[in-house]
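Biologist: I have the coordinates open and a few things to ask. Can we go through them one at a time?
Modeller: Go ahead.

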Protein chains: 2
Amino acid sequence: MQEKISQAVIRRLPRYYRYLSELLEEGIERISSKDLSVRMNVTASQIRQDINNFGEFGLQGYGYNVRDLYQEIKKILGLDQKHYIIVIGAGNMGRAIAKYPNFEKNGFIVTALFDVDPDLIGKAIRGIPIYDIGDLPQYMDRHRVDIAALTIPKDNAKEIVECLVNLNIGAIWNFAYVDLDLPSNIVVENVHLSDSLTQLSYNILNRRNEQG
Amino acid sequence: MQEKISQAVIRRLPRYYRYLSELLEEGIERISSKDLSVRMNVTASQIRQDINNFGEFGLQGYGYNVRDLYQEIKKILGLDQKHYIIVIGAGNMGRAIAKYPNFEKNGFIVTALFDVDPDLIGKAIRGIPIYDIGDLPQYMDRHRVDIAALTIPKDNAKEIVECLVNLNIGAIWNFAYVDLDLPSNIVVENVHLSDSLTQLSYNILNRRNEQG
């Protein structure tokens with residue numbers, strides 16, 4: 001990737017990637033920007049603009065080569081590499097992540113869970129062991145860990161994050177309902193379910209007002 | 001709310017709401033845009049612009065009245081009303097939603113879960129019953145349901161969504177990894193964990209490239 005692609009385009013790439021992988025599953029080898037636009041419910045010109053950002057994948061009158069485009073986006077997104085994930089917190093959210101079948105298929109491999117609950121420690125989820133949170137430093141010393149998924153209450157998040165930072169974690173997938181204060185070299189992606197629900201609440205109210 | 005507030009501002013409101021509720025918990029009654037900007041890690045001018053959108057809450061040299069601002073944003077977001085939620089799918093994600101302690105505190109009340117698994121039907125999560133998915137029409141006929149949270153695999157999502165649409169559901173909180181094709185009067189909010197993970201992957205790769 002020579003040129004820096006804008007964050008707005010990057011935000012849309014996972015969705016392109018998803019649609020292209022569905023096309024591949026359906027055995028579709030090429031698609032016009034128009035047909036893709038209908039599927040994805042965005043304009044064809046938006047699609048052409050976006051895809052022009054990372055090279056020549058379309059031919060006038062032919063459309064896009066689905067596999068080439070899929071492979072290129074996969075590479076841009078770093079999905080051609082494996083990512084090893086540990087999950088901090090073996091509650092429902094942590095277990096949901098460990099069990100999600102699609103993650104592994106896309107190279108995101110959960111290797112361990114950590115918890116404080118003695119009833120959980122020593123057990124396993126889908127064969128993935130649950131360790132004592134106290135064993136985290138030793139574990140990270142001996143295994144490659146690319147991403148720590150944080151699925152613990154916000155009150156406990158700060159301490160664990162400090163520990164992870166000291167252990168040189170590279171990326172945090174944060175489900176705790178708090179904005180993490182992290183060194184700039186650590187990548188963070190927040191999933192704030194309460195914010196999502198609040199957005200839903202606003203849109204419900206707004207729709208009622210429109211219809212009212 | 002007289003004027004229509006831009007979607008960009010609306011997207012930021014849940015975060016304001018979260019920080020204001022934390023200030024209230026800490027017993028802080030007023031705060032300057034500058035202090036709030038430090039906490040929230042955005043510029044003070046952004047905060048002043050955003051908050052100006054919905055009325056007069058700041059006084060020169062005094063700052064914002066935290067409780068008034070909190071109440072106003074709560075009202076704008078529709079969080080002064082109760083929302084009744086059913087969860088379709090009593091797997092880990094469905095159970096995580098049913099157990100989340102903060103949702104109920106903010107007026108989001110999970111009243112029932114639905115599943116196809118005979119081992120789950122008849123059981124309860126935190127006192128919330130798990131029903132047979134076949135009982136959904138009868139349930140919605142007899143109870144107020146504002147939001148259906150969809151935590152089932154994408155292959156089953158389409159059929160269930162058709163059923164929910166026929167039952168006049170108003171809003172869907174979609175965790176299934178598929179874009180739902182819905183009538184425009186139905187509010188939808190997607191939580192696509194795979195897209196979030198993909199974003200993380202891209203940012204990890206990009207940081208590695210920057211660091212050379």
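Modeller: One term before we start: contact, or touching, means heavy atoms within 4.5 Å. Also, this is a predicted model.

Biologist: Fine. What does B:Ile152 touch, leaving out residues up to four places away in sequence?
Modeller: B:Ile152 touches B:Ile88, B:Gly89, B:Ala157, B:Ile160 and B:Ala176.

Biologist: And where is B:Ile152 placed?
Modeller: In the loop between strand 8 (147–150) and helix 8 (154–166) of chain B.

Biologist: Buried or exposed, that B:Ile152?
Modeller: Buried: its relative accessible area is 14%, and the cut-off for buried is under 20%.

Biologist: How far apart are B:Ile152 and B:Gly89, in sequence and in space?
Modeller: They are 63 residues apart in sequence, with 5.3 Å from C-alpha to C-alpha.

Biologist: Back up a bit. What are the confidence scores for the model?
Modeller: ipTM is 0.89 and pTM is 0.89. For chain A the mean pLDDT is 91, and 96% of the residues reach 70 or more.

Biologist: What about the rest, in general terms?
Modeller: Where pLDDT is low, the coordinates should not be read in detail.

Biologist: How many helices and strands does chain A have?
Modeller: Nine helices and 10 strands. The C-alpha trace of chain A spans about 60 × 50 × 35 Å along its principal axes. Chain A has 212 residues, and buried ones make up 51% of them.

Biologist: And the contacts within chain A, what share is long range, at least 24 apart?
Modeller: 54%, counting contacts between residues at least 6 apart in sequence.

Biologist: Now the two copies. What turn and shift lay chain A on chain B?
Modeller: A turn of 180° with a shift of 0.0 Å along the axis, and the RMSD is 0.0 Å. The copies are therefore related as by a two-fold rotation axis.

Biologist: Which C-alpha of chain A is nearest the axis?
Modeller: That of A:Asn92, 2.6 Å from the axis. As for the surface, the same one serves both copies, as 100% of the contact residues of chain A recur in chain B.

Biologist: Give me a residue that reaches across. Which residues does A:Asn203 touch?
Modeller: B:Gln7 and B:Val187, not counting residues up to four places away in sequence. A:Asn203 lies in helix 9 (residues 193–211) of chain A. With a relative accessibility of 17%, A:Asn203 counts as buried.

Biologist: Different topic, helix packing. At what angle do helix 1 and helix 4 of chain B pack?
Modeller: About 145°, with the axes 9 Å apart; helix 1 is residues 7–25 and helix 4 is residues 66–76. The crossing of helix 1 and helix 4 of chain B is left-handed.

Biologist: Which residues meet there, between helix 1 and helix 4 of chain B?
Modeller: From helix 1 of chain B they include B:Leu13, B:Tyr16, B:Tyr17 and B:Leu20, and from helix 4 of chain B they include B:Leu69, B:Tyr70 and B:Ile73. The residues of this contact divide into 11 nonpolar, one polar and two charged.

Biologist: What is the phi of B:Asn41?
Modeller: Positive, about 60°, although B:Asn41 is not a glycine. Most residues other than glycine have a negative phi. B:Asn41 is in the loop between helix 2 (33–40) and helix 3 (44–52) of chain B, and B:Asn41 is exposed at 69% relative accessible area.

Biologist: And the phi of B:Asn168?
Modeller: Also positive at about 60°, and B:Asn168 is not a glycine. B:Asn168 is found in the loop between helix 8 and strand 9 (171–174) of chain B. B:Asn168 counts as exposed, at 68% relative accessibility.

Biologist: Last one. Where is B:Ile125 placed, and what does B:Ile125 touch?
Modeller: B:Ile125 is in strand 6 (residues 124–125) of chain B. Among the residues B:Ile125 touches are B:Arg95, B:Ala98 and B:Leu113. The C-alpha atoms of B:Ile125 and B:Arg95 are separated by 6.9 Å, and the two are 30 residues apart along the chain. B:Ile125 counts as buried, at 9% relative accessibility.

Technical notes
Residues numbered from 1 in each chain as written. Chains lettered and ligands numbered in written order. Predicted model: local features only at pLDDT ≥ 70, side-chain atom pairs only at ≥ 80, totals over all residues. Heavy atoms only, no water. Axes fitted to C-alpha atoms, helices over the stretch in contact; angles between N-to-C directions. Helix = DSSP H or I, 4+ residues; strand = E, 2+ residues; numbered from the N terminus. Left-handed = near helix turned anticlockwise from the far one by under 90°. Nonpolar A, V, L, I, M, F, W, Y, C, P; charged D, E, K, R; others polar. Buried < 20%, exposed > 50% of the residue type's maximum accessible area, 1.4 Å probe, protein only. Least-squares fit on C-alpha atoms with pLDDT ≥ 70 in both. pLDDT = per-residue confidence, 0-100.
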